[in-house]
Amino acid sequence: MNRQHFIHTIPSLIANVYLVASDAGIIIVDTGFSNAARNVLRAIEQLGHTRTDVRLIFLTHVHMDHAGSAAELRRQTGAPIAMHRADVGKARAGKHNMPNGRGTAGKLFEYAFNGLRLQMRYEAFAPDILLEEGQTLKEFGLNARVVHTPGHTLGSLSLALDDGVMLIGDALINQFRVGMPMYGEDNALAYDSLRKLRALRPRMLYSGHGKPFSGSDVERYLEIKGSSAERIGA
Ligand SMILES: [Zn+2]
Ligand SMILES: [Zn+2]
């Protein structure tokens, strides 16, 4: 059962939404901010599909730029929302605090946001399916395996497709260059998760922010940052 699939990126200023399409239907990976549903549905139609072709809404993690339209897209497509249990609290609350900042810039943002008592808000939802490490998405028509990659959030998930492509949420991003995001719940875990990703020898990685990058970019990042960052907790 080796179905062909292809990954369509819905461009956005900030967070990527991916449509993984195959002859079995579509899996939406992340949902953008609260106002993204219309763009996602339009993209599905432009690919020649209908909204009822959506088999699953897969969330790499619950931050407002990834889970913001999850509830609306579930209403519009009828597809279930799948995610890891460790992020369910944020999903049910419909808000999350600023995660801990990494490095100087991250700390400054954290202090500024917390000082202003800003909260990240979106429509609350309860997931339909809780995913664990090692589960496959075969029943949703995709040869893909779930990889738990905690750190950015404790419930962060990646998806390993059978052709060496991985969708990794914010485990590593590519906004200006390949690196970790400025915020994370557990920095040491985030590095452990990168090593876990590297060990899977991905060919291509699609992240929550920026353009896709290669497995060797992960190697390079870990070589530069991996050991020193753990010592200084950057
Ligand atoms: Zn995030
Ligand atoms: Zn993000």
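**Exercise 1. Is D87 buried or exposed, judging by the other C-beta atoms within 10 Å?**

Before solving it, a word on the model. It is predicted, and local features need pLDDT of at least 70, side-chain atom pairs count only at pLDDT 80 or more, while totals for chains, interfaces and linings use all residues. Residues are numbered from 1 along each chain as its sequence is written, and chains are lettered from A and ligands numbered from 1 in the order in which they are written.

*Solution.*
- Step 1: place D87. It sits in the loop between strand 5 and helix 4 (88-93). Helices (H or I, at least four residues) and strands (E, at least two) are DSSP runs, numbered from the N terminus.
- Step 2: recall the cut-offs. A residue counts as buried if 20 or more other C-beta atoms lie within 10 Å of its own, exposed if 12 or fewer, and partly exposed in between, with C-beta atoms placed from the backbone.
- Step 3: apply them. D87 has 26 other C-beta atoms within 10 Å, so D87 is buried.
- Step 4: list its contacts (C-beta atoms, placed from the backbone, within 7 Å). Leaving aside neighbours within four places in sequence, D87 meets H61, V62, T153 and G155.

**Exercise 2. Work out the order of the six-stranded open sheet, and say which strands stand at its edges.**

*Solution.*
- Step 1: the order is 1-2-3-4-5-8, with mixed pairing. Two strands pair if DSSP finds at least two bridges between them.
- Step 2: strand 1 (5-10) and strand 8 (129-130) are at the edges, each with a single partner strand, so one side of each lacks a neighbour in the sheet.
- Step 3: look at one pair. Six bridges link strand 1 and strand 2 (residues 17-22) in the antiparallel sense, and H8 has L19 of strand 2 as its bridge partner.
- Step 4: add a helix. Helix 3 (residues 70-77) packs on the sheet, touching strand 3, strand 4 and strand 5 (81-83), and its direction makes about 170° with that of strand 4. Such angles run from 0 to 180 degrees between N-to-C directions, with axes fitted to C-alpha atoms, for helices over the stretch in contact.

**Exercise 3. Trace the bridge partners of M166 in strand 11.**

*Solution.*
- Step 1: strand 10 (residues 157-161) and strand 11 run antiparallel, joined by two bridges; here M166 partners A160.
- Step 2: strand 11 also pairs with strand 14 (residues 204-207), in the parallel sense over four bridges; there M166 partners L205.
- Step 3: check the hairpin of strand 10 and strand 11. Three residues lie between the strands, and G164 takes a positive phi near 85°.
- Step 4: assess burial. Four of the five residues of strand 11 (residues 165-169) are buried, so strand 11 is largely enclosed by the rest of the structure.

**Exercise 4. Test the length of helix 6 and find its buried side.**

*Solution.*
- Step 1: the expected span is 1.5 Å times one less than the number of residues. For the 13 residues of helix 6 (residues 187-199) that gives 18 Å, and the end C-alpha atoms are 19 Å apart, which agrees.
- Step 2: A190, S193, L194 and L197 are buried. They cover an arc of only 105° around the axis (taken from the directions from the axis to the C-beta atoms), which puts them on the same side of helix 6.
- Step 3: A188, R195 and A199, on the other side, are exposed.
- Step 4: just after helix 6, R201 takes a positive phi of about 50°.

Technical notes. Two residues are in contact if their C-beta atoms, placed from the backbone, lie within 7 Å.
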